Amino acid sequence: MRARIRTIVAGLATLAALAVATPAQAATAAALGTAANPFTIAANSGCGSSCDGKDPSVYAIYYSGRITTCSADAITARVNTSGGITLELRYSPICRTAWTRVPSDYYYPYIRSYYPDGRLRVEYNGFKGAYYSQMVNDANLLAEARASAGPTVWTTGRY
C-alpha cells in the first residue's frame with residue numbers, strides 16, 4: 001500500500017511540475033520510459049498498456065528503488081523447438097509484459113496479445129531489436145509468440 005501511495009505521489013509531483021513549466025521546458029522533458037524519466041511501477045502492478053509496442057531491452061522502469069528494464073528479469077515462459085527453430089515467448093514478471101524472441105533474422109517475429117476470452121487484443125510484428133519483437137501488456141491477459149519464414153508459421157502456447 002505504501003509503495004502505491006509513493007507511486008501516486010510521485011506521479012502527482014511530476015504532473016504539478018509540468019503544469020508550471022514553460023512550453024519550452026515541457027518540450028525538453030525526457031520521454032517517459034527512458035533512463036532520464038523511467039516509468040514508475042508498484043509491486044505486482046506491471047506497466048500495463050504503456051508498455052505495448054516498446055523495446056523490452058531499453059524501456060526503463062523504476063521499481064523497488066532502482067531503474068531497470070523489462071528484459072532484465074525476463075524468463076522464457078513458452079518455447080517451440082519443432083522444425084529446427086527455437087521460438088521463445090519471453091515474459092517479464094516485474095513489467096508483466098511478453099515478447100517474441102527468434103534465433104536469427106531468418107525468422108520474422110510476431111507477438112499477439114489476447115483477452116482471457118480468446119479475442120485478439122493487439123499484434124505487433126517485426127524486429128524491435130536483435131532477434132526479438134516489441135512487447136505487449138500481459139497483466140491478466142494472454143500472449144502468444146509467433147514466427148514465420150516464407151509460408152511456414154510457428155507458434156508457442158499462450159501464457
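**Notebook: strands, loops and disulfides**

I began with strand 7 (residues 108–114), which pairs with strand 8 in the antiparallel sense over five bridges. The model I am reading is a predicted one. Within this pairing I looked up Arg112 and found that it stands opposite Glu123 in strand 8.

**Entry on the sheet that holds strands 7 and 8**

I next asked in what order the strands of this open sheet run. The order is 8-7-10-11, four strands with antiparallel pairing. Which strands stand at the edges? I find strand 8 (120–125) and strand 11 (152–155) there; each has a single partner strand, so one side of each is left without a neighbour in the sheet. For the twist from one strand to the next I noted an average of 20 degrees. As a general reminder to myself, strands of a sheet pair through backbone hydrogen bonds, either parallel or antiparallel.

**Entry on the second open sheet**

I then turned to the open sheet with the order 4-5-6-9, which is formed by four strands and is paired antiparallel. Its edges are strand 4 (75–80) and strand 9 (136–137); because each has a single partner strand, one side of each lacks a neighbour in the sheet. How many bridges join strand 6 to strand 9? I count two, between antiparallel strands, with strand 6 covering residues 97–101. I also looked up the bridge partner of Ala98 in strand 9, and it is Val136.

**Entry on positive phi**

I recorded the general expectation that most residues other than glycine have a negative phi. Ser64 has a positive phi of about 55 degrees, although it is not a glycine. I located Ser64 in the loop between strand 2 (60–63) and strand 3 (66–69). Is Ser64 buried or exposed? Its relative accessible area is 65%, and exposed means over 50%, so Ser64 is exposed.

Arg96 also has a positive phi, of about 60 degrees, and it is not a glycine. I found Arg96 in the loop between strand 5 (87–92) and strand 6.

**Entry on the disulfides**

How many disulfides does the structure hold? I find two. With the bonded cysteines of the protein chain numbered in sequence order, I noted the pairing as 1-2, 3-4. In general, a disulfide is a covalent bond between the sulfur atoms of two cysteines.

One disulfide joins Cys47 to Cys51, with an S to S distance of 1.7 Å. I checked the torsion about the S-S bond of Cys47 and Cys51: it is about -110 degrees, so this disulfide is left-handed. Both Cys47 and Cys51 are buried.

Cys70 and Cys95 form a disulfide, with their sulfur atoms 2.1 Å apart. The link of Cys70 and Cys95 has -90 degrees about the S-S bond and is left-handed. Where do these two cysteines lie? Cys70 is in the loop between strand 3 and strand 4, and Cys95 is in the loop between strand 5 and strand 6, so the pair ties together parts that are 25 residues apart in sequence.

I then looked up the accessibility of this pair. Cys70 has 0% relative accessibility, and buried means under 20%, so Cys70 counts as buried. Cys95, at 0% relative accessibility, counts as buried for that reason as well.

**Entry on the loop between strand 5 and strand 6**

I closed by collecting what I had noted for this loop. Cys95 lies in the loop between strand 5 and strand 6, and Arg96 is found there too. Cys95 is bonded to Cys70, while Arg96 has the positive phi of about 60 degrees.

Key:
Residues numbered from 1 in each chain as written. Predicted model: local features only at pLDDT ≥ 70, side-chain atom pairs only at ≥ 80, totals over all residues. Heavy atoms only, no water. Pairing = 2+ DSSP bridges. Axes fitted to C-alpha atoms, helices over the stretch in contact; angles between N-to-C directions. Buried < 20%, exposed > 50% of the residue type's maximum accessible area, 1.4 Å probe, protein only. Disulfide = S-S within 2.5 Å.
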